[in-house]
Amino acid sequence: MLKILRIAVLVWFGLFGLASQLSAAVPEHKQLAHAPEDSWTMPSAVVLIDAGHGGIDGGATAGPTLEKDINLAIAQKLYLLLNSQGIPAVLNRTGDYALSDDNRWHISRSRHKRDLSQRRQLTDEIETTMLVSLHVNWTKDRSKHGPLVLHQSSGESALLAFCIQDTLNRQQETAFYPREGKPFYLLRKVDQPAVIVEMGFISHDGDRMMLTNPREQLRIAKAIASGIRQYKWITR
Ligand SMILES: [Zn+2]
């Protein structure tokens with residue numbers, strides 16, 4: 001129960017912090033408002049946005065550019081967009097910290113494992129219908145670029161991945177297919193449809209410029225939101 005309370009409080013404060021950035025475009029009833037007296041019930045939303053990495057875990061890097069910062073910047077934009085479009089969303093981190101910092105009740109050997117297990121656990125503690133985990137790709141081959149969405153073996157996850165891959169392909173003028181992401185802990189352990197969205201390559205000069213430019217970040221967030229809307233429309 002303490003855990004649920006802490007998550008509720010996290011969501012509550014996360015919403016308040018971000019709410020200050022929201023314009024009046026979002027009607028109050030559309031926001032995930034949980035009054036403190038409601039914190040006994042399970043918080044609910046449609047989309048859990050996972051901003052990959054955080055804290056001492058920077059993710060992929062290219063010079064001074066860190067994946068965790070890109071993931072968070074786009075995750076915040078996606079959060080605001082979805083909520084303003086009437087799709088309740090929650091964001092699992094609103095600042096630069098590792099989820100395991102807030103996860104001391106887990107006994108696990110590696111911090112990374114704790115991070116992943118906390119990410120999975122969040123899906124148990126917040127009622128959401130899908131998990132969208134935001135990441136940035138890296139490879140030695142500096143010519144590789146473009147988005148890649150990884151999905152679970154389930155049809156729903158594959159459909160969600162196809163929808164997001166399609167809208168990101170339009171945004172980045174690419175024609176890649178999503179792929180099943182078998183070795184990924186998050187995809188194996190989460191019951192609801194989950195996808196890992198590799199939004200581009202930090203190792204590619206053009207992609208990196210796009211991924212770190214706030215206007216382009218908004219375009220990426222809009223593309224992902226539009227893919228989520230398509231998926232919701234098809235599965236409604
Ligand atoms: Zn990553």
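Biologist: Which residue in β5 does V47 stand opposite?
Modeller: This is a predicted model, where local features need pLDDT of at least 70, side-chain atom pairs count only at pLDDT 80 or more, and totals for chains, interfaces and linings use all residues. Residues are numbered from 1 along each chain as its sequence is written. In β5, the residue opposite V47 is M130.

Biologist: How many bridges join β1 to β5?
Modeller: β1 covers residues 47-51, and β5 covers residues 130-137. The two strands run parallel. The number of bridges joining them is five.

Biologist: What is the strand order of the open sheet?
Modeller: The sheet has six strands with mixed pairing (at least two DSSP bridges per pair). Its order is β4-β1-β5-β8-β6-β7.

Biologist: Which are the edge strands?
Modeller: An edge strand here pairs on one side only. One spans 89-91, the other 179-180. They are β4 and β7.

Biologist: How many helices and strands does the protein have?
Modeller: Both are DSSP runs numbered from the N terminus (helices H or I, at least four residues; strands E, at least two). The tally is seven helices and eight strands.

Biologist: What share of the protein counts as buried?
Modeller: The protein has 236 residues. Buried ones (20 or more other C-beta atoms within 10 Å, placed from the backbone) come to 44%.

Biologist: Which helix gives the most to the largest nonpolar core?
Modeller: That core (buried Ala, Val, Leu, Ile, Met, Phe, Trp, Tyr and Cys joined through C-beta atoms within 7 Å) holds 51 residues. I49, V132, I164, V195 and I224 touch the most other members. With eight residues from 67-84, the top helix is α2.

Definitions and conventions:
A residue is buried if 20 or more other C-beta atoms lie within 10 Å of its own, exposed if 12 or fewer, and partly exposed in between; C-beta atoms are placed from the backbone.
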